[in-house]
Amino acid sequence: MEPRFLLLSDVAAELNVSDSQVYHMVRSGELPAIKIGGRGQWRVERARLEDYIARKYHETAEWVQSNPLIDRDPE
């Protein structure tokens with residue numbers, strides 16, 4: 001069974017980005033997370049990460065639709 005909550009380093013590995021990028025995404029509110037424990041360690045719920053990934057796929061698809069690849073004739 002997969003854990004419900006992930007460390008920021010686990011999220012970084014899943015997304016193939018740096019720990020600091022994930023920390024920035026959490027602090028900016030882009031990726032929902034909770035702070036737990038006396039030291040305030042961040043955790044991301046796996047379901048929230050999956051929602052985030054789905055949202056990014058949707059945003060990317062919209063961007064691709066509004067920014068089509070145009071063949072340009074070299075002149």
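What follows is a walk through the fold, the nonpolar core, the salt bridges and a couple of surface details of this structure. The model is predicted.

A natural place to start is the annotated domain. According to UniProt, in an unreviewed entry, residues 9-56 carry the feature "domain: Helix-turn-helix". In the model that stretch is 56% helix and 17% strand, and the C-alpha atoms at its two ends sit 20 Å apart.

Next comes the inside of the protein. The largest nonpolar core has 12 residues in all. Leu6, Leu8, Val11, Ala12, Val22 and Met25 belong to it, along with Val26, Leu31, Trp42, Val44, Leu49 and Tyr52. Four elements each give two or more residues to this core: helix H1 (8-15), helix H2 (19-27), strand E3 (41-45) and helix H3 (46-66). As a general matter, nonpolar side chains tend to be buried together in soluble globular proteins. Within the core, Tyr52 is a handy residue to click on. Leaving aside residues up to four places away in sequence, Tyr52 touches Leu15, Met25, Glu30 and Leu31. Of these, Met25 and Leu31 are fellow members of the core.

Now for the charged side chains. Searching the whole structure turns up five salt bridges. One of them pairs Arg46 with Glu2, with 3.3 Å between the closest N and O atoms. This pair ties together distant parts of the chain, 44 residues apart: Arg46 belongs to helix H3, while Glu2 lies in the segment before strand E1 (5-6). The two partners also sit in contrasting surroundings. Arg46 counts as buried, at 16% relative accessibility, whereas Glu2 is exposed, with a relative accessible area of 55%.

A second bridge also reaches back to the start of the chain. Here the side chains of Glu45 and Arg4 meet, at 2.8 Å from N to O. Again distant parts of the chain are linked, with Glu45 in strand E3 and Arg4 in the segment before E1, 41 residues apart. Arg4 is exposed, its relative accessible area being 55%.

A bridge of another kind runs along helix H3. Glu59 and Arg55 both lie in this helix, four residues apart, or about one turn. Their side chains meet in a salt bridge at 4.0 Å, N to O. Glu59 is partly exposed, with a relative accessible area of 36%, and Arg55 is likewise partly exposed, at 35%. The pair does not stand alone, since shared salt-bridge partners join Glu30, Arg55, Lys56 and Glu59 into one network. Glu30 thus turns up twice in the picture, in this network and among the residues that Tyr52 touches.

Turning to the surface, Phe5, Ile34 and Ile36 make a nonpolar patch of about 230 Å². Ile36 is located in strand E2 (residues 34-36). Its relative accessibility of 37% makes Ile36 partly exposed, which fits its place in the patch because residues there must have over 30% relative accessible area.

One backbone detail deserves a look as well. Asn16 has a phi near 55°, a positive value in a residue other than glycine. This residue sits in the loop between H1 and H2. Asn16 is also exposed, with a relative accessible area of 71%.

Conventions
Residues are numbered from 1 along each chain as its sequence is written. This is a predicted model: local features need pLDDT of at least 70, side-chain atom pairs count only at pLDDT 80 or more; totals for chains, interfaces and linings use all residues. Side-chain values use heavy atoms; hydrogens and water are left out. UniProt positions are given in the numbering used here, feature names are shortened, and annotations may be inferred rather than shown by experiment. A nonpolar core is a set of buried Ala, Val, Leu, Ile, Met, Phe, Trp, Tyr and Cys residues joined through side-chain atoms within 4.5 Å. Buried means under 20% relative accessible area, exposed over 50%, partly exposed in between (1.4 Å probe, protein chains only). Contact means heavy atoms within 4.5 Å. Patches are made of residues with over 30% relative accessible area and no salt bridge: like charges are joined within 9 Å, nonpolar side chains (Val, Leu, Ile, Met, Phe, Trp, Tyr) within 5 Å. Accessible areas come from the Shrake-Rupley method with a 1.4 Å probe; for residues, only the protein chains shown count as cover.
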